[in-house]
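Visitor: I would like a close look at one part of this chain, the part where the prediction is weakest, followed by a careful account of what can be read from the rest.

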Amino acid sequence: FWKNSTQFLRLLYRDDPQLRDSFARIEIASDSEMQIDNLDPGVSVREIAGLAAKLLKGESRIAAYSLYGWDTHFAQAPKLKKSLDDLALSLLTLKDGLGAVWANTAVVAVSEFGRTARFNGSGGSDHGTGGAAILAGGLFANGQGGKILTSRWPGLAESSLYENRDLMPVDDVRRYLGWLLVSLFDLKPATVETSIFPGLTLDAPLKLI
């Protein structure tokens, strides 16, 4: 209910600077309260990543955790910087904590939504279609990083946007995850397509590691 209401009010107030800015401040305050409710302020990103590294150096082969703060519908500039800093800290902490095990590790950072190509009236961006995933770890490309894995960059020209609002998707992120699972766990592609990502077609093999 809250999500639908905020979207309605944001559209209703977007052409009135006073109402728009006042509502944006309410959203910021509300967002802060929700963050406090959902997160233990005594646990840092460094501690979470450090615990994951400790477990992965033991008997565990898979670790999963979430970093919050990516839902930047308003005041995106400062919030996004903090989220990117947290992600960088998380990856570096994993690498340091894993030590030699990093060479045999694959890390995937992925969101379930993209962002619109334009800012809204509250200085943020709403849920979009195209997005990005980050792959890290010593297993990828024999330790050679710094590559963009995509067939093409669609661009941000008006004519290139999806439905005149979103970054145009050019691939399915599940395809990369699917081939990674095939390589890491010796799965059959058909198993990935039917049991893990139903409806996905893996197409030509992707050699990621």
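Visitor: Over which residues does pLDDT stay under 50, and how many contacts beyond four places in sequence does the model have for them?

Guide: The stretch you are asking about is residues 32–39, where pLDDT stays under 50 throughout and for which the model has four contacts beyond four places in sequence. Since this is a predicted model, a caution belongs here: where pLDDT is low, the predicted coordinates should not be read in detail. I would therefore leave the geometry of such a stretch aside, because low pLDDT is a reason not to read coordinates closely.

As background to that stretch, the mean pLDDT of the chain is 84, and 85% of its residues reach 70 or more. The chain contains six helices and four strands, and their order along the sequence is α-α-α-α-β-β-β-β-α-α. Of the contacts with a separation of 6 or more, 61% join residues 24 or more positions apart. The chain has 209 residues, of which 29% count as buried, and its exposed area is about 13,600 Å², with carbon and sulfur atoms supplying 58% of that area.

Turning to local features, the loop between α3 (45–56) and α4 (76–98) is the place of A63, and A75 is found in the loop between α3 and α4 as well. A63 has a relative accessibility of 37% and so counts as partly exposed, since that class lies between the 20% limit for buried and the 50% limit for exposed. Setting aside residues up to four places away in sequence, A63 touches A52 and L56, while its C-alpha atom is separated by 9.6 Å from that of A49, a residue 14 positions away along the chain. A75, with 23% relative accessibility, also counts as partly exposed, and its backbone deserves a check, for A75 has a positive phi of about 45° although it is not a glycine. Most residues other than glycine have a negative phi.

A positive phi is found at D186 too, where the value is near 55° in a residue that is again not a glycine. D186 lies in the loop between α5 and α6 (189–196), and because its relative accessibility is 71%, D186 counts as exposed.

Another loop, between β2 (114–115) and β3 (127–128), holds D126. Leaving aside neighbours within four places in sequence, D126 is in contact with R10, H73, G114, R115, T116, N120 and R165. The C-alpha atom of D126 is 8.5 Å from that of F74, although the two residues are 52 positions apart along the chain.

Finally, there is the question of empty space. Rolling a probe the size of a water molecule over the atoms shows where such space is left. The second largest pocket has a volume of about 1,300 Å³. Its lining takes in 40 residues, and those closest to the centre are A132, A133, I134, L135 and L149. The elements that give two or more residues to this lining are β4 (133–136) and α5 (173–185), with β4 providing the largest share, four residues. By class, the lining of the second largest pocket divides into 22 nonpolar, 12 polar and six charged residues.

Definitions and conventions
Residues are numbered from 1 along each chain as its sequence is written. This is a predicted model: local features need pLDDT of at least 70, side-chain atom pairs count only at pLDDT 80 or more; totals for chains, interfaces and linings use all residues. Side-chain values use heavy atoms; hydrogens and water are left out. pLDDT is the predictor's confidence in each residue, from 0 to 100. Contact means heavy atoms within 4.5 Å. Buried means under 20% relative accessible area, exposed over 50%, partly exposed in between (1.4 Å probe, protein chains only). Accessible areas come from the Shrake-Rupley method with a 1.4 Å probe; for residues, only the protein chains shown count as cover. On a 1 Å grid over the protein atoms alone, a cavity is a set of points where a 1.4 Å probe fits but cannot get out, and a pocket is an open set with protein on both sides within 12 Å along at least five of seven lines; lining residues have an atom within 4 Å of a point. Grid points are joined across faces, edges and corners, and a volume is the space filled by probe spheres set on the points. Ala, Val, Leu, Ile, Met, Phe, Trp, Tyr, Cys and Pro count as nonpolar, Asp, Glu, Lys and Arg as charged, and the others, Gly among them, as polar.
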